[in-house]
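Student: I would like a close look at the aromatic residues in this structure. Please take them together with the nonpolar core.

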Amino acid sequence: MHNREKRLEKIVSVSDEVKAELAEVVKQEFISTNGQSIPEGTRRNDVINQYLNSLPSKQRSSASWTLDHMAGDYAARMEKLVRENNLDWKQGDAFDMNILDQLDGTPGGVDFKA
C-alpha cells in the first residue's frame, strides 16, 4: 500500500446527521433485499456523496472511506443479529424485521464508532 493510500484510509469524525441518515438507508436496503445485496440505484451513494460535497476536498477521501466502512459494519451487525435469532436464515430469505429493533446506539440503530 502506498503512503498516500494509508493517509486516506483512516477513520475520521463525521456528522451525527449523516451517520443517522446512512444507517437508515442501509437498514432499509437490508430489509428490502432480505440482507442479500446492495440494491441497484441505492440511496447509500447519494447520502455519502451529498455529505462529501459539503467537505473541503482534502477531507473527502478519508470521510468516504469512513462512511463506506460504517455502512459495511452496520450491514454486518444486522446480518449477525438476524442469524442469531434465526439459525436457518440465509441471505435472501425473509426474516422478522422486528429483530432489527434490538440494535441500539445512534438513531439509525447502531453505534458507529468514528
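Tutor: Three aromatic pairs turn up when the whole structure is searched. Rings of Phe, Tyr and Trp (its six-membered ring) pair if their centres lie within 6.5 Å, and planes under 30 degrees apart count as stacked, over 60 as edge-to-face and the rest as tilted. The ring centres of W89 and F95 lie 6.0 Å apart with planes at 85 degrees, so this pair is edge-to-face. W89 has a relative accessible area of 2% and is buried; buried means under 20% relative accessible area, exposed over 50%, partly exposed in between, with a 1.4 Å probe and protein chains only. F95, at 12%, counts as buried. F30, W89 and F95 make up one aromatic cluster.

This is a predicted model, in which local features need pLDDT of at least 70 and side-chain atom pairs count only at pLDDT 80 or more, while totals for chains, interfaces and linings use all residues. Residues are numbered from 1 along each chain as its sequence is written, and side-chain values use heavy atoms, without hydrogens or water.

Now the core. The largest nonpolar core (buried Ala, Val, Leu, Ile, Met, Phe, Trp, Tyr and Cys residues joined through side-chain atoms within 4.5 Å) has 26 residues, and L22 and L67 have the most contacts inside it. Two or more residues come from each of α2 (16-33), α3 (44-53) and α4 (57-85); helices are DSSP runs of H or I with at least four residues, numbered from the N terminus. The largest share, eight residues, is from α4. Among the buried residues of α4 are L67, M70 and A71. Leaving out residues up to four places away in sequence, L22 touches R44, V47, I48, L67, M70 and A71, where contact means heavy atoms within 4.5 Å.
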